[in-house]
Amino acid sequence: MPYRLNINGAIHQVDVPPEMPLLWVLRDELGLAGTKFGCGKGLCGACTVHVDGAAQRSCQLRVGSLGQARIQTIEHVGGTKIGARLQAAWLRIDVMQCGYCQAGQIMSAAALLGQTAHPNDEQLNAAMTGNICRCGCYHRIRSAIRIAAGMEEEPSHVA
Amino acid sequence: MSHESRALPHESTAVSLGRRTVLKASLLAGGGLALEALIPLPARALGVAQQSAHATAELSAFVSIAPDSTVTIVAKNPEIGQGMKTALPMMVADELDCDWSQVRIEQADVDQERYGDQSAGGSTSTPKNWLPMRQTGAAARAMLVQAAALRWRVDATELTTARGRIFHRATGRSLGYGEVASAAAGLTPPDLHTVPLKDPAQFTIIGRPTVGVDSARIVKGEPIFGIDTRIPGMLYAIYEVAPAHGGRLVKADIEAAKRSPGVTHVVPIFGNGDAANGLADGVAIVATHWWLANQARSKLTVDWDLSAAKGHSSSVYRAKADAAIAAGPGADLRADGDPAAQLASAARRLSARYDYPFIAHAPMEPQNCTALCRDGKFEIWAPSQTPQRGLQTLQQALGIAPENVTLHQRRAGGGFGRRLMNDYMVQAAAIAKAVPGVPIQLLWSREDDMRRDYYRPGGWHSLEAGIGANGELVAFTDHFVTFGDGKTPAPAAGLNVAMPPAGLIRHLRYSQSMMPTIVTTGALRAPGSNALCFVSQSFLDEVALAAGTELPQLMLKLLGERREVPAPDSHSPAFDTGRARDVIEKVVQTSGWVHKPAQPRRAKGFAFYFSHRGYFAEVVEASVGRSDIAVHKVWVAGDIGSQIVNPMHAENEVRGAVIDGLAQALAGQAIEFVDGVVQQSNFDDFPLARIPMTPEIEIAWVKSDRPPTGLGEPALPPVIPALTNAIFAATGTRIRSLPVRLSA
């Protein structure tokens, strides 16, 4: 089926089955490999993208259900003010170990800060609990979000 | 910067360089210096048991300096999140005395001739490379200095260096490394043994928190992982294997799958009968998109022979372990003194049984590999911890000669020991071979990954301890029931007979019984120790309390005076009781250790372990509710030698190890089998840690005078018994089985 998808501010024409999850359209059809495959069941958050500004697991989104929705991926989120601040904070305190989950973490964090400029611990946990980091970089994920939100000056979990 | 040749007191015990060390200098294409270092690196000097047979020349590093002063350092080892792509070049760059901003890092392809050992495992990269990397950098610096001295017609001893420049203070002259790099290429390289190394106080890069060299690309989602490999014309593959471990392919009806949308090829593959170390039978489905290949699985009708798996069930394993324990001690692994007599006359005897389950590695990036076969030659892109071993496996399983393979290393989304095995590489090559000329990316689903792991094997321990009239530990025995063929334990299923209190008391016996398994097992982060520390430190906590003391005090008493306890075998490092004492005393101090509960159902627990050359003592403070356990804070004291190479990464890695251990104990991780079929499938039934369970973690480094050792593993083991000992202190309930399950 042909679809016109609004991804990262541009229209992309694809011809794929309607059931194909957005994740695989991004990775295998459009060459946007920043969005990662982790579980295929919406359990790990590695494939998180924004759909009309909300964090969604792209492995659970059928391409046929997307319509005109505005989709944003890790490749483009740096073009937004929040995304750029998050990426800078992530880098400043070097959040990652293996780094595989971090695109999804940043996308969830960007959606959080888009909704709640200064999240408290509960809000942060609730927004980020769907994103697994197998390396356990959670202290720095928290810190980086707080730095990007202007809530933390000195990173507290860096050497 | 002044350079003097100064080794740390125990530097010689790290890596002794052989006499045949050779440096090779050459002119870089386009001008500049290229330096290779052929370093014979005796594996035995490190106590590295594996591959000790060939202590041949290793080309440890390759550094080049371009005319514009850009320094290019090849990162030879795999990067799996352990930070070696950054840390090893830091060692080179510091002794080269350049500025880190001048440095570019290139990931090496796999080439044993040029780079020697290229692996990530056993926390060995730092101790193996600490001196060779620095010596290579220092040699390059010495050649640049010599070239400048010749140009200026002064003595090299009059010159100093800093941040990639050479200075002649007497005349105020200076130049950048790039200006003399071409001239240096014509000089004879210095002897690596005598090239002066920096006084560690003069380090400018080592020890400075340094952001990982790939981090800037990762936060932008750039395609650098194995799964991101994209080759023109590439197709995607899945590999359907038998539902049960040990299953064999009888016949497959592939017609329906062939007609499935997007599918280009369906190929039944008969393996080499060695699923553990070679190629498992399976059916490959190749399609235009991975999801389409995966969808076509359900169209396969496959007749599998699962007879070998019958009876390989968790319940059967448990029953066999019960029977083995009831039958009494197994074959002796270690027998010191006369524990039976000591137990008979002990004032008090304690006995207990401990066990732990199979667990999976579950790295975030599912197993994958990209391969192209053309005219009998293979090009492979793999995220592997042991790519060189992968080449051997390709030869054994598929008859592909290593010289016909070009193997590119891709960043791995986590390893934890899973990618020590190269089964996915062999599968990808087998599929590529069946579809020549087409690049194939094999990608496993999460379910494939969970069901075809090389699991940390489960184990059972029957323990007994004797306590003397004065509260001293007089005897200790462990009957370990594990998996194996009766002679040799299955991979990662052996008992390390140095497990405390071995070597610290006179009367001790460790024995072993085995049962066979067809399930593939293997090393998982801190192999052996991740389970044995739970057994050792939990039962010693029981002993301590029964003897009227507490575990930190009992451990200090057992450790006694500062000395080296030799390892039971010649390949393993000795155990330094002084270093153990220091980390225990440190964590007792930082945590404000008291065993008595601070509040009802809230208490601290302690544990110590020595693994992978690292000494770690940890305290966990936890609250136990009716159905949940909250970990408030973890204190860590660790000694991995004189120098933390990259503190930025080191602290992160320790926190990650602590969280990993807590998840093993608390999240409910257990892999179970019914007739060889793994019952878990994804992160819903094999849970990992999530952000809300992250406790505060306070790390204190105890810096000893020993050369630096690795950090991927040794921080993990103590956190599990520290937690379960805290649960006992809070509730009086002793956790003797993992994962922790609170009975209602």
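These legends describe close-up views of a predicted model with chains A and B.

**View 1. Chain A as a whole.**
Chain A holds six helices and five strands. Along the sequence the order is β-β-α-β-β-β-α-α-α-α-α. The radius of gyration of chain A is 15 Å, and the globule rule gives 15 Å for 159 residues, so chain A is as compact as a globular protein of that length. Its C-alpha atoms fill a box of roughly 50 × 30 × 25 Å along the principal axes. Of the 159 residues in chain A, 60% are buried. Take the contacts in chain A between residues at least 6 apart in sequence: 58% of them join residues at least 24 apart.

**View 2. The two domains of chain A.**
The domain assignment splits out domain 1 (2–76) and domain 2 (78–148) in chain A. How far apart are the centres of domain 1 and domain 2 of chain A? Taken over C-alpha atoms, 20 Å separate them. The contact draws 16 residues from domain 1 of chain A and 13 residues from domain 2 of chain A.

**View 3. The face of domain 1 that touches domain 2, in chain A.**
Three elements of chain A give two or more residues to this side of domain 1: β3 (48–51), β4 (54–57) and α2 (74–77). Which element gives the largest share? The largest share comes from β3(A), with three residues. By class, this side of domain 1 of chain A has seven nonpolar, eight polar and one charged residue.

**View 4. Chain B as a whole.**
Chain B contains 18 helices and 30 strands. Along the principal axes, the C-alpha trace of chain B spans about 80 × 75 × 45 Å. A compact globule of 744 residues would have a radius of gyration near 27 Å; chain B has 27 Å, so the two agree. Buried residues account for 59% of the 744 residues of chain B. Among contacts in chain B between residues at least 6 apart in sequence, 79% link residues at least 24 apart.

**View 5. Helix α12 of chain B.**
This helix covers residues 423–434 of chain B, twelve residues in total. At 1.5 Å a residue, α12(B) should span 16 Å. The C-alpha atoms at its ends are 17 Å apart, which agrees. Is α12(B) enclosed or open? Ten of its twelve residues are buried, so α12(B) is largely enclosed by the rest of the structure. The buried residues are Asp423(B), Tyr424(B), Met425(B), Val426(B), Gln427(B), Ala428(B), Ala429(B), Ala430(B), Ile431(B) and Ala432(B). In an α-helix there are 3.6 residues a turn, so residues three or four places apart point the same way.

**View 6. Where chain B meets chain A.**
The contact takes 53 residues from chain B and 48 residues from chain A. On the side of chain B that touches chain A, the elements giving two or more residues are α6 (215–218), α8 (290–295) and α17 (647–666) of chain B. Which of them gives the largest share of this side? That is α17(B), with ten residues. Sorted by class, the side of chain B that touches chain A has 28 nonpolar, twelve polar and 13 charged residues.

Terms used
Residues are numbered from 1 along each chain as its sequence is written. Chains are lettered from A and ligands numbered from 1 in the order in which they are written. This is a predicted model: local features need pLDDT of at least 70, side-chain atom pairs count only at pLDDT 80 or more; totals for chains, interfaces and linings use all residues. Helices (H or I, at least four residues) and strands (E, at least two) are DSSP runs, numbered from the N terminus. The expected span of a helix is 1.5 Å times one less than its number of residues. A residue is buried if 20 or more other C-beta atoms lie within 10 Å of its own, exposed if 12 or fewer, and partly exposed in between; C-beta atoms are placed from the backbone. Two residues are in contact if their C-beta atoms, placed from the backbone, lie within 7 Å. Ala, Val, Leu, Ile, Met, Phe, Trp, Tyr, Cys and Pro count as nonpolar, Asp, Glu, Lys and Arg as charged, and the others, Gly among them, as polar. Domain bounds come from an automatic or database domain assignment. The radius of gyration is taken over C-alpha atoms; the globule rule is 2.2 Å times the number of residues to the power 0.38.
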